[in-house]
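Q: I would like to learn how to read a structure at the bench, going from the whole chain down to single residues. Could we work through one together?

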Amino acid sequence: MRNVLGLVALATVVSYPALAAKSLYVAFPPANYQTASDRIFFLGTAPAGGSVLVNGKVIQRSPAGHFAPSLPLRLGNNIFTLRYGGQVRQIRVTRVSSQPSRPVGLAFGKDSLKPGVDVAKLPGELICLSAIAPANATVSVKLGNQTIPLLPQSPVAEVPSNYAALTGRYQTNSRSFNGQYQGCAKANAAGKLGRPQFQLSINGKSTTQMAQGNIEILSPTQLEIAEVIVDSAITRTGAGTDYSRLTPLPKGTQATVTGREGKWLRLDYGGWIEDKEVRIIPAAAPPTSIIRTLRTRQVVGATEIIFPLQVPVPISVQQGDRTLTVTLYNTTAQTDIIRFDDDPIVARLDWQQIAPSQVQYTFNLKSQQQWGYQMRYEGSNLVLTLRHSPTSPVSPPSTRETKEESQKSLSGIKIVLDPGHGGAESGAAGPDGYLEKNVNLTISKLIKDRLVAQGATVYMTREDDRELSLQDRVAIIDKLQPAIAISIHHNSLPDNGDAENTKGFAAFWYHPQAHSLAMFMQNYVVQKLGRPNYGVYWDNLALTRPTTAPSILLELGFMSNPDEFESVMNPQEQQKMADAIADGITEWLRISH
């Protein structure tokens with residue numbers, strides 16, 4: 001299971017040699033486990049002879065004796081007894097409700113008063129407050145000099161988790177919970193309104209409780225200015241890590257703060273950023289810029305476009321099939337002339353003022369395949385670096401080539417391989433406890449050998465069993481700027497996944513420049529090896545997010561599937577997989593130049 005996906009790691013794993021004894025072994029779940037899922041799979045193994053029973057029923061096993069049945073869970077404690085011969089394992093799985101707990105008596109639901117953090121808004125914006133209370137209550141909030149009634153809300157549908165893309169459980173569930181109260185108001189004058197006071201009344205009895213967060217109305221003439229202090233600041237569509245990412249902001253970017261929720265700041269162009277990634281600077285006016293022209297320069301392996309600005313403004317980047325579009329916010333064009341000569345990768349530059357404070361530049365590219373880009377500020381100048389195609393085109397095999405020549409078809413090509421996990425970060429575990437980190441490294445080395453034999457220069461983020469952060473892995477890619485980067489993993493499922501029947505090869509991408517590589521590798525490996533097709537996914541993963549090169553993550557098979565795990569552990573199958581991946585890389589590079 002990949003921690004980059006945020007899934008719960010398989011627990012109670014031990015090193016593979018410790019499992020040599022022929023006995024009943026359960027890799028997951030541990031003896032006392034808690035989940036909000038309505039079912040859970042049991043991953044383990046026992047000698048192939050005989051039967052394994054769960055709560056008295058014989059379960060299906062692979063030829064090697066591995067098992068992964070999925071079993072339903074009721075709310076509360078669920079006791080499962082596993083038997084093999086005279087051996088017994090008892091496991092308790094506690095299913096907790098995913099819905100808020102109902103308050104008892106004259107009380108609000110625990111931690112239900114919102115806002116639960118300090119909030120700042122502009123004058124005239126809606127201030128919404130909510131609480132959970134008994135269904136027959138009267139609820140109101142005193143805020144400043146206003147009393148705001150909170151009305152009971154109808155139950156709303158609960159949208160599926162993002163993990164539905166992995167398990168196929170896309171159904172929308174209707175909430176049966178009643179007791180959600182909400183109300184909204186506006187304040188037109190700047191000032192500190194303080195903490196909202198909630199009042200609850202039932203049958204003539206009342207109670208009050210203060211919210212945890214304070215509410216402030218900002219003065220439009222005294223707004224703070226935030227400056228990004230990290231190399232690539234994460235911005236999101238809302239105030240929290242659950243919200244989707246926007247284009248990262250380069251170090252030095254300045255923007256007006258128009259709102260706050262806890263540690264999150266809303267910037268004037270619409271993105272939200274954590275306060276730890278910025279500093280507040282004194283300013284007399286919101287940072288805005290004009291732009292007149294721009295210039296280009298050639299550097300080794302890339303074209304750089306310099307946008308001269310008065311201040312570093314927020315940006316966004318969007319890739320198309322043959323385009324890369326940069327939007328500058330808080331910017332107004334005074335443009336009459338731009339020089340843009342013939343360029344190795346850019347066919348034409350188009351631009352337009354798409355809104356009063358947004359200027360958009362579209363670079364029409366000569367090739368559909370893009371090889372990476374970077375954005376940075378040099379003072380107030382925004383620099384866009386567009387990488388050229390790798391210097392040595394990959395040649396198709398020729399009947400007149402010598403064997404040695406054909407084997408060097410990747411000469412001059414730089415590739416980064418990332419064996420997923422390592423050290424204490426073990427990744428998924430198979431039915432017998434064997435760890436994903438080890439098989440990732442084994443196959444990555446086999447892939448490297450094959451690519452090096454074809455002339456490629458291959459760098460691995462780790463060559464042994466060491467722990468390496470996701471940030472360190474990304475930094476390696478950004479520093480080396482390879483032709484492509486591929487992270488090697490093996491898969492598992494969330495608690496409610498059907499481990500017994502889910503298997504296959506999968507490819508993950510994030511930026512459009514990596515889509516072709518992901519799709520090609522998926523089709524190539526599945527067809528060449530006859531493997532099940534788990535699919536191609538757009539996914540917000542650390543190892544798919546680098547912009548400096550087409551970067552993908554491959555899941556070669558499922559550690560959690562009893563039958564596929566046997567293939568994953570087979571040395572002959574490992575070599576076949578490595579050869580197929582290396583040959584697929586070679587072929588994609590050949591057709592993508």
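Q: Before we look for detail, I would like to know how the lining of a cavity is shared out: which element gives the largest share of the lining of the largest cavity?

A: The model is a predicted one. Rolling a probe the size of a water molecule over the atoms shows where empty space is left. Here the structure holds two cavities of 30 Å³ or more, and the largest of them has a volume of about 60 Å³. Its lining is made by Ile443, His490, Arg531, Leu556, Ser567, Val568, Glu573, Gln574 and Met577. Two elements, helix 6 (562-568) and helix 7 (571-592), give two or more residues each to that lining, and helix 7 provides the largest share, with three residues.

Q: How does the lining of the largest cavity divide by class, and which residues line the second largest cavity?

A: The lining of the largest cavity divides into four nonpolar, three polar and two charged residues. The second largest cavity, with about 40 Å³ of space, is lined by Gln60, Arg61, Ser62, His66, Glu500, Pro562 and Asp563, and by class this lining has one nonpolar, three polar and three charged residues.

Q: Ile443 also belongs to a helix, I believe; which residues of helix 3 are buried, and what covers them?

A: An α-helix has 3.6 residues a turn, so residues three or four places apart point the same way. In this structure, helix 3 (residues 436-453) has 18 residues and reaches 26 Å from its first C-alpha to its last, close to the 26 Å expected at 1.5 Å a residue. Its buried residues are Glu436, Lys437, Val439, Asn440, Leu441, Ile443, Ser444, Ile447, Lys448 and Leu451, and what covers them includes strand 40 (414-419), strand 41 (457-460), strand 42 (484-491), strand 45 (551-558), helix 6 and helix 7. Just after helix 3, glycine 455 takes a positive phi of about 100°.

Q: Turning to strands, in which sense do strand 31 and strand 32 pair?

A: To read a pair of strands, follow the bridges and then the turn that joins them. Strand 31 (residues 295-299) and strand 32 (residues 302-308) pair in the antiparallel sense, over five bridges; arginine 295, for instance, has isoleucine 306 in strand 32 as its bridge partner. The hairpin they form has two residues between the strands, and glycine 301 in this hairpin takes a positive phi near 75°.

Q: For single residues, is glutamine 522 buried or exposed, and what does it touch?

A: Glutamine 522, placed in helix 5 (residues 515-529), counts as buried because its relative accessibility is 1%, and the cut-off for buried is under 20%. Not counting residues up to four places away in sequence, glutamine 522 touches Phe505, Ala506, Ala507, Asn533, Tyr534, Gly535 and Val536.

Q: And where does threonine 258 lie, and with which residues is it in contact?

A: Threonine 258 lies in strand 26 (residues 254-261) and is buried, with a relative accessible area of 12%. Leaving aside neighbours within four places in sequence, threonine 258 is in contact with Leu122, Glu125, Leu218, Arg266, Leu267 and Asp268. The C-alpha atoms of threonine 258 and alanine 120 are separated by 8.1 Å, although these residues are 138 residues apart along the chain.

Q: How many helices and strands are there in the protein chain as a whole?

A: The protein chain has seven helices and 45 strands, and its C-alpha trace spans about 85 × 80 × 35 Å along its principal axes. Of its 593 residues, 50% are buried.

Key
Residues numbered from 1 in each chain as written. Predicted model: local features only at pLDDT ≥ 70, side-chain atom pairs only at ≥ 80, totals over all residues. Heavy atoms only, no water. 1 Å grid on protein atoms, 1.4 Å probe; cavity = no way out; pocket = protein on both sides within 12 Å on 5 of 7 lines; lining within 4 Å. Points joined across faces, edges and corners; volume = space filled by probe spheres on them. Helix = DSSP H or I, 4+ residues; strand = E, 2+ residues; numbered from the N terminus. Nonpolar A, V, L, I, M, F, W, Y, C, P; charged D, E, K, R; others polar. Expected span 1.5 Å × (residues − 1). Buried < 20%, exposed > 50% of the residue type's maximum accessible area, 1.4 Å probe, protein only. Contact = heavy atoms within 4.5 Å. Pairing = 2+ DSSP bridges.
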